[in-house]
Amino acid sequence: MHKTYTCIVCPNGCEIDVEYENGQLLACSGNLCKRGAEYVAQELRDPRRTIASCVLVEGGELPLVSVRLTKPVPRDRIFDVMALIHALKLQAPVAAGTVVVTDILGLGSDLVATRTVREA
């Protein structure tokens, strides 16, 4: 089978033409670096994404704190993870680096605060 991917690994955004069968990469062209081929192989086997978002903070100098996942999660679970993130509320203060949720949805990734929000 044939498919074209736009690589998201580096700023080049290569258009990579791929030949594959049964989820196995047979050939690829158009990638300017080897990471493009690695990205496509991963996409064929087990597509994953990382998430950055915000969580509500009560009693803080800011109403939200930015958060991110420590590891990519399966692409088909993004909406489940986002629903959990949007349901969260934290109490100020929140320190950068605080693990907000450990092993989110059992996917092996932690949700971590990426900035400090002090009490109001």
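Let me start with a term: a residue is called buried when its relative accessible area is under 20%. Glutamate 43 has a relative accessible area of 7%, so glutamate 43 counts as buried. Please keep in mind that this is a predicted model.

Now, where does glutamate 43 sit? It is in helix α1, which covers residues 34–45. Leaving out residues up to four places away in sequence, glutamate 43 touches Tyr5, Arg48, Arg49 and Arg75. Two of those names come back in a moment.

On to the salt bridges. How many does a search of the whole structure find? The search finds five. In general terms, side chains of opposite charge can pair when their charged atoms come close. I will go through some of them.

Start with arginine 49. Arginine 49 forms a salt bridge with glutamate 43, and the closest N and O atoms are 2.7 Å apart. Arginine 75 also forms a salt bridge with glutamate 43; here the closest N and O atoms are 3.4 Å apart. This second pair links distant parts of the chain, since its two residues are 32 residues apart. Arginine 75 is in the loop between β7 (73–74) and α2 (78–87), while glutamate 43 is in helix α1. As for exposure, arginine 75 has a relative accessible area of 42%, so it is partly exposed, whereas glutamate 43 is buried.

The next pair is aspartate 80 with arginine 77. Their salt bridge has its closest N and O atoms 2.7 Å apart. Buried or partly exposed: which is aspartate 80? At 37% relative accessibility, aspartate 80 counts as partly exposed. Arginine 77 is partly exposed as well, at 27%. Going back to the earlier pairs, salt bridges that share partners join Glu43, Arg49 and Arg75 into one network.

Last, a residue from another part of the model: valine 57. It lies in strand β5, residues 52–58. Valine 57 has a relative accessible area of 8%, and is therefore buried. What does valine 57 touch, not counting residues up to four places away in sequence? The contacts are Leu62, Pro63, Leu64, Val65, Leu90, Ala92, Val94 and Val117. For one distance across the model, take valine 57 and alanine 95: they are 38 residues apart along the chain, and their C-alpha atoms are separated by 12 Å.

To recap, glutamate 43 is buried in terms of accessible area, and it shares a salt-bridge network with Arg49 and Arg75. Valine 57 is also buried, at 8%. That is what I have.

Key. Residues are numbered from 1 along each chain as its sequence is written. This is a predicted model: local features need pLDDT of at least 70, side-chain atom pairs count only at pLDDT 80 or more; totals for chains, interfaces and linings use all residues. Side-chain values use heavy atoms; hydrogens and water are left out. A salt bridge is a side-chain nitrogen of Lys or Arg within 4 Å of a carboxyl oxygen of Asp or Glu. Buried means under 20% relative accessible area, exposed over 50%, partly exposed in between (1.4 Å probe, protein chains only). Helices (H or I, at least four residues) and strands (E, at least two) are DSSP runs, numbered from the N terminus. Contact means heavy atoms within 4.5 Å.
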